[in-house]
Each structure stands twice: as structure tokens, then as C-alpha cells.
Amino acid sequence: MKSVSVARSATALLCATVVVLLTGCGYRPYKTTENQFAGRPVPPSKLTQRVMVAISQASLLGGGLEVLDAKRDIRSNVYVANSTTMIGAYSSNAKSIINYPEQMRGYVYSTDGAINTINYSTEAASGTTASTTGALSSYFVSQDVYSVLTAVESSGLFVMNAPSTASATTSSVMTTYAFPVPSVYKVVANPSHSVILLMLRNSNNVYRVLQLNANQAGNQTPPANSLTCMPVNNPVYCIVPVNAPDGTSNGTPQPTFHRPYDAYFSPDGSQVYFLNCGRECGGTTATGDGVAGVSFVDLNTLRIDYYPPNGAAVSPSTTFVPVPGGATAAISDGNTLYVSGQSLQTDGLFGGNLSVIPLSTKTISATYSISDGTHTKMLFADNNTLWIGSSNCASGERAAHSQNYNCLTRYDITNRTAGIVPNVTPGGSTTVPYPNENLDRYYYGSLTGLCWVEGLNKVYTAYGGQVHAFNTADGSEIDNTNITVQGTATDVAYMDASTNVAN
């Protein structure tokens, strides 16, 4: 027996020695090839399934961007003992992320008004893309950094960094244009930024950006209905209305749009789906703008280079589909349009709904009850699921009737069922599995970030100010003990996705 013990001890010592020697020679516990998907280099952290978390902290501490190992659901780095990975050269209070994994970069807006470029290959910030005065209500940065668009509702300004001439072909020839657009609160653009749209608060109007060209009709004469043009003395860009009255109903003029809230571009790039939120955004039936729905508009008449004939206003060819369940967010797989929103209930509160619209018929085929609150996040994920996130869900119909009022919904496309996650029973024994810092047992809070970790059957979220991850197969929550961050998690982005639509 003694000889066996000695042999085991010697074997253990030999193994420990081998591990030490291998570690000293650069041994890695997980093998990675020199280049990953699409020839992407192995980053400094050596992690290849990364979720970046935007973090905001108290002003004296500052925020940052932390990288989590989404394969193992840990914040520590397995290659370097007792370490975590932070994005280098960035220490601001991060608020939101525009994620472009195909281009191996992202853009992060921070509370100091700066939009910073993040290089995913080097895991470091590579400079300020744009700086703003005043808190942004909306922003857009194109994949090629050829356009940076911002809306500052507090000052009524739409600011565009764009080519200084119609013939400019490189992003180095850029000029900043500031357009006074009262009540502008949202800017929406397609990936190629050939369509740039502006939404106004408490309005039925939508505006678009028009680039003047000497070869076009009017010889650089701004259209008569232009809201504003820049530069004033020699205009290059103008802001023109998209819509015009589309007739009357019983003698009452009806708007083309009904409190437009957002726009979604069809996967084939041929149409724009305007989301009219109606009553949810303050519209009334008396004025005709309280009807929620989707306006289907051909993209060509909205292009930045489309000059209206004779400079006159052109009302787009619009197919309007009423959506009684509400419309503030949408997503499509090319065959079906999924629309989320809220509808006004008889008790004066709003209730969340998911409306399913086959594009072949453009009529609602089914409606499902989902989380209340303002819906802003929709994402396809593994197991043929659709995930829907919203904010401020605790003051809606569900909370009033002691139903689960959390802000994340999992929709099973195959089985056509919707369920709110985490699954809780307010006031009962079924509680949230991993409470946030406020120790609320039934409510996580607003969902502000959502990303799909492709192929690993999970989604990551910024949920109530902390990171929470969920299984796509059944909606159960993954233990978040080792992925929580210090500070307030405001957004998440899957850095290693194969496509830009994974966020």
C-alpha cells in the first residue's frame, strides 16, 4: 500500500510539473486557431465568444466597457489567473452600443456626449468618432463611418457629419451640418445610409434628408417645401417632408402617419416599414392620429438622392395596416413581420402585444400578450425564438392585475407561444432567481440591452442595470453570479457574431 501511495504522489508531482512547464511556455487551456471566423484575428484576451458590457458608475468612479466570456459565462479570463478584460483606453460612463461585428468594431455613446470607436481586434478604443453638445435622444453611425447622425431633442437640432460635396467619395472629406428641426427626437437610417429619416415628438410628420446635385432638376434650387437647408448660402443638403395629407374621412383630414415612432427597413432593402404608435404616443381618435399600425413605403422615393419632380412635395405610395396591439418596434425574417407595442385598455392602462403579420397578405394573423412597457428591442435567436425587450413595465396592465410584469418576452416561433422571463408570480413563491442590487424579488427592471450569442443557445441582456443571461431553448435563466459587473450595465453587444443583426 505504501508503494502505491508513493507512486500516486510521484504521478501527481509529475503532472503538476508538466502543467507549470507548459504554462511557462505559453500553454493555453483552450485551443484557438490563428484566425477565427471570416479570418478574424485572435484578440489580446484570446477569448473568441465575447460579450461587451457598457457600464455606467458614479461620476467620481467613471464607467467602462467590460468583456465577458460568453462561452463559459464568466467575467474572469481563463488564460490569465485572477484577471478580467476591460476595453483599453476607455473609462467613460457608457450608455449604449452600436455593434458591427462584421466590421470588427462598435460605437459607444457615453454620458459625456462622445461617440467612441471600439476596435474589436485590439480590444481598445481607437478615438472619438463624434462629440455632441447636449444629451442625444438618438444617433446613428454607418458601418463605413461615412455618416454620423445625431438628434438632440432638447435643443431641436439634427446634426449630420457627411460629405461636403455631392462628388465626395471618401470619408475624409467630411463636414458637420447642424439643422434646426424643432422636436426632433429620432434619426433612422438604412445600413447604406442612402435613406435618412427624422421623427418629431408629438407629431404626425416625418422628414428626410435630401442631397442637392447640380445635375438634378432645379439646378441646386432647394424644394419649395424644405424645412431647412445647409449651408444657407450654397445648399448641399435639405430637410424635406416625407408625408402629405392622404385624403379625408367624413370631411376630416387624415394623416399619412399616425404618431410615427420608428422605421424598420425590409431585409431585401426595397421598403421602409414606418411604425405608427398612435394612442401609445399620445394620438387621439378625434384627430385621426390615434390609430396604431404599419405604413409600408417604397424605399426609392425616400432616397437621399431622390429629388421630387419640380421640387414639389411627394406623398409616398403607402399601404397602411392597422395594428390594434400597438407598434413601436419590429423585426422581419423576410416572410413575416413581427410588431410589438401597447394598446390602451378599458381601465386606462396599456398592455403589451406582439402582432404577427405575414408579408404575403399584410394582414395580422395572430396577436399575443407580452410584456408591457415601451418596446424597443427585438431579436431572433437560437431554437427558432424571438426575444422582445421593453422598459418601464411596472406601471402597465400586468402589474395592476398581479401578473408577471417583467420586461423580457420569449416568443417560440415554432410552437407559437409567448412567455415573460423570468417566470415569476408577483406576491407568490415563484421569484426572480438572481435579484438585482435592489433585492426586488419579482421585478428586474427595464431591459436596455439584448444580444444573441450565436450557436450557444443563449441571449445576454442588460436587465434592470445588471447582466442576465437566458437559455433560448426554454427561457430559463443562466446563473449570472460570475457575469455580474461592478456598476450599472446599460447595454450589451456580442462582439464575435457572424452578422450585424445579432444585436
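## Cysteines, cores and one busy asparagine

Let's start with a single cysteine: C451 has a relative accessibility of 0%, so it counts as buried. What you're looking at is a predicted model, and its cysteines are a handy way in.

First, the big picture. The protein has 503 residues, and 52% of them count as buried. Its secondary structure is made up of 35 strands and two helices. Take the contacts between residues at least 6 apart in sequence: 53% of these join residues at least 24 apart. As for the outside, the accessible surface is about 21,700 Å², and carbon and sulfur atoms account for 51% of that.

### The disulfides

A quick reminder: a disulfide is a covalent bond between the sulfur atoms of two cysteines. How many disulfides does a search of the whole structure find? It turns up three. Count the bonded cysteines along the chain and you get the pattern 1-2, 3-4, 5-6.

| Pair | S to S distance | Torsion about the S-S bond | Hand |
|---|---|---|---|
| C229 and C238 | 2.0 Å | about 105° | right-handed |
| C277 and C281 | 1.8 Å | -120° | left-handed |
| C393 and C407 | 2.0 Å | 135° | right-handed |

Now for how hidden these cysteines are. C229 and C238 are both buried. The pair of C277 and C281 is a mixed case. C277 has a relative accessible area of 1%, so this cysteine is buried. C281 has 23% relative accessibility, so this partner counts as partly exposed; the cut-off for buried is under 20%.

What about C393 and C407? Their disulfide links two loops: C393 sits in the one between β28 (385-391) and α2 (397-400), while C407 sits in the one between α2 and β29 (408-412), so the bond ties together parts that are 14 residues apart in sequence. C393 has 0% relative accessibility, so it is buried. C407 is buried too, with a relative accessible area of 0%.

### The nonpolar cores

In soluble globular proteins, nonpolar side chains tend to be buried together. Here, the largest nonpolar core has 38 residues, and the ones with the most contacts inside it are V51, V53, W387, Y460, V467 and F470. Which elements give two or more residues to this core? They are β1 (50-56), β27 (374-381), β31 (447-453), β32 (458-463), β33 (466-471) and β35 (488-494). The largest share comes from β31, which supplies five residues.

Want to zoom in on one member? Try V467. Setting aside neighbours within four places in sequence, V467 is in contact with V53, L68, Y460, T461, N480, I483, V485 and A489. Two of those partners, V53 and Y460, are also on the list of residues with the most contacts inside the core.

There's a second, separate core as well: it has 33 residues, including Y100, F179, A189 and L200.

### A side chain with two partners

Finally, have a look at N204, which lies in the loop between β13 (196-200) and β14 (206-211). What does its side chain reach at 2.9 Å? The answer is the backbone nitrogen of R259. The side chain of N204 also makes a polar contact with the side chain of D289, at 3.4 Å. To see this on the structure, find N204 in its loop, then look for R259 and D289.

Technical notes: Residues numbered from 1 in each chain as written. Predicted model: local features only at pLDDT ≥ 70, side-chain atom pairs only at ≥ 80, totals over all residues. Heavy atoms only, no water. Disulfide = S-S within 2.5 Å. Buried < 20%, exposed > 50% of the residue type's maximum accessible area, 1.4 Å probe, protein only. Helix = DSSP H or I, 4+ residues; strand = E, 2+ residues; numbered from the N terminus. Contact = heavy atoms within 4.5 Å. Areas by Shrake-Rupley, 256 points an atom, 1.4 Å probe, with all protein chains shown as cover. Polar contact = N/O pair within 3.5 Å; in protein donor to acceptor, adjacent residues only side chain to side chain. Core = buried A, V, L, I, M, F, W, Y, C linked by side-chain atoms within 4.5 Å.
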